Amino acid sequence: MVADKATPRSSFLRVARIGETLGRLVRVFLLLLRWPVLAEEDVRPGRGALRRIAALCAAVLSFLYAAPPVYADLDAGADWLTIQSNADGSFTAADDLATPFQGTSEALRALRALGIGDPVVAAGQGFVDAENFHNTGYLSRKIVTGIGASVDVQPWLTGLAQSPHTDGSFGDRPGYDPTNLDTAYAVEALASAGQIGSSEAGLAMGFLLNAQNPDGGWGLSRHVPNNDSSVFFTALVVNALAPYRGAFNIQTPLSAAQGYLLQERGTDVLWGEAFVSALALIALVTSLDDLPAIADSLSALRALQQPEGGAIHP
């Protein structure tokens, strides 16, 4: 079975659509602002490409640390994100599909990428740390955000270690059917904790590679009736696998996934809803050597920026 937090899973998307209005979209917004610089970087394997997957968040965030330029729109986006903080430390916005915990964990990653040490970041970390519901997705988020705050994440890693099946896959909780979603969360968390070379990470990564569909994409799970590839799940898996490129020969499956993502673009060179486009672009930037191939998509998403502070609406 596949399940989420105590309430009935009235919408699996509420778990899967991770912090869309907040962190993911702001993080890709930061990427878009860097695009003119990125297009000029050396993107050959082993040089620019590896630089891009070596830092915080295993993806787009690395660019922001490398050489962050100053843009007025970047400041507006950060300001918009900061004012979404609530008295309890959480980050939420109107009509979020994400839970407060999900949105807050993503917001913290974006703000830290900008080097923002505002008190709301510490408050947000406290909110995340205090979450006592520990399924695979939540534990993984706590590990990733905790690493960014130099928090002792060992108790959460210990909790995560209780979840995998014998084939290395993860379900929502121990005893639950494995999903590509939960396994991707765990793979990303293990990489963030410096455990890329661990047997747990290797087994989980192997599970994901074996679960790849013939078209190059990933669905939710072989344990559900419809496991057709989706842009959302494929992008999540690619993002999770990106930090492992330097240690394992996984370029062939990543290239197949890139092909699937590029093929799924619509006539507007995006992938439907803005948060899905954002996630797809983060995945492509972390794994694609030919960045100019997605220049039009980056520009299209950038054009969706709204005037009230830099957020990109779904």
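In which sense, left-handed or right-handed, does helix H12 cross helix H14? In this predicted model, H12 passes H14 in a left-handed crossing, and the two helices pack at an angle of about 35° with their axes 9 Å apart. On the side of H12 the contact is made by Val 231, Phe 232, Ala 235, Leu 236, Val 238 and Asn 239, while H14 contributes Phe 275, Val 276, Leu 279, Ala 280, Ile 282, Ala 283, Thr 286 and Ser 287.

Two of the helices in this part of the chain can be set side by side by their length.

| Helix | Number of residues | Span between end C-alpha atoms | Expected span at 1.5 Å a residue |
|---|---|---|---|
| H13 | 13 residues | 18 Å | 18 Å |
| H14 | 14 residues | 20 Å | 20 Å |

Helix H14 has 14 of its 14 residues buried, so it is largely enclosed by the rest of the structure. Helix H13, which runs over residues 251–263, has a buried set made up of Pro 253, Leu 254, Ala 257, Gln 258, Tyr 260 and Leu 261. These residues cover an arc of only 160° around the axis, which puts them on the same side of H13, whereas Thr 252 and Gln 263 are exposed on the other side. The cover over the buried residues of H13 includes helix H11 (199–210), helix H12 (231–241) and helix H14 (274–287).

One residue of helix H12, Thr 234, is buried with a relative accessible area of 0%. Once its neighbours within four places in sequence are left aside, Thr 234 is in contact with Ala 257, Tyr 260 and Leu 261, and also with Gly 216, Gly 217 and Trp 218; Ala 257, Tyr 260 and Leu 261 are themselves among the buried residues of H13.

In soluble globular proteins, nonpolar side chains tend to be buried together. Here the largest nonpolar core has 57 residues, and those with the most contacts inside it are Leu 160, Leu 241, Tyr 244 and Ile 294. At least two residues of this core come from each of the helices H8 (136–148), H9 (154–160), H10 (180–192), H11, H12, H13, H14 and H15 (295–302), and H14 gives the most, with ten residues. For Leu 160, again leaving aside neighbours within four places in sequence, the residues in contact are Thr 136, Leu 139, Ser 140, Ile 143, Phe 170, Ala 186, Ala 189 and Leu 190. Apart from the largest core lies another, of 15 residues, among them Phe 101, Ala 107, Leu 108 and Ala 110.

Technical notes: Residues are numbered from 1 along each chain as its sequence is written. This is a predicted model: local features need pLDDT of at least 70, side-chain atom pairs count only at pLDDT 80 or more; totals for chains, interfaces and linings use all residues. Side-chain values use heavy atoms; hydrogens and water are left out. Helices (H or I, at least four residues) and strands (E, at least two) are DSSP runs, numbered from the N terminus. The expected span of a helix is 1.5 Å times one less than its number of residues. Buried means under 20% relative accessible area, exposed over 50%, partly exposed in between (1.4 Å probe, protein chains only). The arc is that of the directions from the helix axis to the C-beta atoms. Contact means heavy atoms within 4.5 Å. A nonpolar core is a set of buried Ala, Val, Leu, Ile, Met, Phe, Trp, Tyr and Cys residues joined through side-chain atoms within 4.5 Å. Axes are lines fitted to C-alpha atoms, for helices over the stretch in contact, and angles run from 0 to 180 degrees between N-to-C directions. A crossing is left-handed if the near helix is turned anticlockwise from the far one by less than a right angle, and right-handed if clockwise.
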